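Here are a few short exercises to work through with the model open beside you. Try each task before you read its solution.

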Amino acid sequence: MVRYGQLIIGPPGSGKTTYCYGMYQFFSALKRGVHIVNLDPANERVPYPCDISLSDLISVSDVMAELDLGPNGAMLYCMEYLEHNIDWLESRLAALEHDYVLFDLPGQVELSTNHPSLQRILERLQKQDWRLVAVHLSDATHITDPARYVALLVLALRAMLMLELPHVNVLSKFDLLDEEQQSQLIFPLDYYTEVQDLHYMSDHLHATQPRVAQMYEVLGDIVEDYGLVSFETLAVEDRDRMLHLVEVLDRAIGYIGA
């Protein structure tokens, strides 16, 4: 039986938990069955109905106390522990009623850019006929700062190369980017979402932030050479944006609802 899932990733504050709750409510309104799996062992209180929680297996606070690790080290240890106890997750996933799951991941970007445990967990699930799409959330307000925007592009590209999944980058919290802020953008909005002709951004940085301009020019060239990064925009309360994003994600994994 083929099963489907969204892997919700992104740095802290990008809106992952809000996205999961919003997507759950949206699917419920569409009468479409969905489950949510909380794989953030530090986030024990979530607003959405949680069918599986990693904190039932291991918690960050326990790891920090027992192994004398900091929060980031403890989080990586928890993911390694899940990898070595993957049967725990597999048995609970097999018991779920619906064939569509949202996986809410921690905000530590190392998990999707450098650390191999998450990648190996995903490989194991894919061998069991899971079709997964990574939904990489980034705060839309970052595009107002050219340097932060280039950094956002590099982070998105690194996650795409690391996870090797169908991948959709999303500028979340788009409702916080009000008309006044959008009017102050250096370039039209589609310049930021389509990620083309980054040399224009480099020219601007050379004029405004010369100390970092050369570095960001090199990073921009790398992003353009791969030609993989683009963005969808999302405000969870916006029905039309949610519907469009769901259609994009469904196409990415070949999902056809019953």
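A residue counts as buried when its relative accessible area is under 20%. Keep in mind that this is a predicted model.

**Exercise 1. Work out which residues cover each face of strand 4.**

Solution.
- Step 1: Take one side of strand 4, where you find Tyr100, Leu102 and Asp104, all buried.
- Step 2: Turn to the other side, where Val101 and Phe103 are buried too, and both faces are thus covered.
- Step 3: Count them up: five of the five residues of strand 4 are buried, so the strand is largely enclosed by the rest of the structure.

**Exercise 2. Find the strands that pair with strand 4, and say in which sense they pair.**

Solution.
- Step 1: Strand 1 pairs with strand 4 in the parallel sense, over five bridges. Here glutamine 6 is opposite leucine 102 of strand 4.
- Step 2: Strand 2 (residues 35-38) also pairs with strand 4 in the parallel sense, over four bridges. Histidine 35 sits opposite valine 101 of strand 4.
- Step 3: Place these pairs in the whole sheet, which is open, has seven strands in the order 3-2-4-1-5-6-7 and pairs in parallel. Strand 3 (52-53) and strand 7 (231-233) are at the edges with a single partner strand each, so one side of each has no neighbour in the sheet.

**Exercise 3. Is glutamine 108 buried or exposed?**

Solution.
- Step 1: Locate glutamine 108 in the loop between strand 4 and helix 5 (110-113).
- Step 2: Read its relative accessible area, 17%. The limit for buried is under 20%, so glutamine 108 is buried.
- Step 3: Look for its contacts, leaving aside neighbours within four places in sequence: glutamine 108 touches Asn72 and Met75.

**Exercise 4. Describe how helix 3 packs against helix 6.**

Solution.
- Step 1: Start with the geometry: helix 3 (residues 71-84) and helix 6 (residues 116-126) pack at about 30 degrees, and their axes are 9 Å apart. That angle makes the two helices roughly parallel, because angles under 35 degrees count as such.
- Step 2: Add the handedness of the crossing, which is left-handed.
- Step 3: List the residues that meet: Met79, Glu80, Leu82 and Glu83 from helix 3, with Ser117, Leu118, Arg120 and Ile121 from helix 6. Sorted by class, this contact has four nonpolar, one polar and three charged residues.

Key: Residues numbered from 1 in each chain as written. Predicted model: local features only at pLDDT ≥ 70, side-chain atom pairs only at ≥ 80, totals over all residues. Heavy atoms only, no water. Axes fitted to C-alpha atoms, helices over the stretch in contact; angles between N-to-C directions. Parallel < 35°, antiparallel > 145°, perpendicular 65-115°, else oblique. Left-handed = near helix turned anticlockwise from the far one by under 90°. Contact = heavy atoms within 4.5 Å. Nonpolar A, V, L, I, M, F, W, Y, C, P; charged D, E, K, R; others polar. Pairing = 2+ DSSP bridges. Buried < 20%, exposed > 50% of the residue type's maximum accessible area, 1.4 Å probe, protein only.
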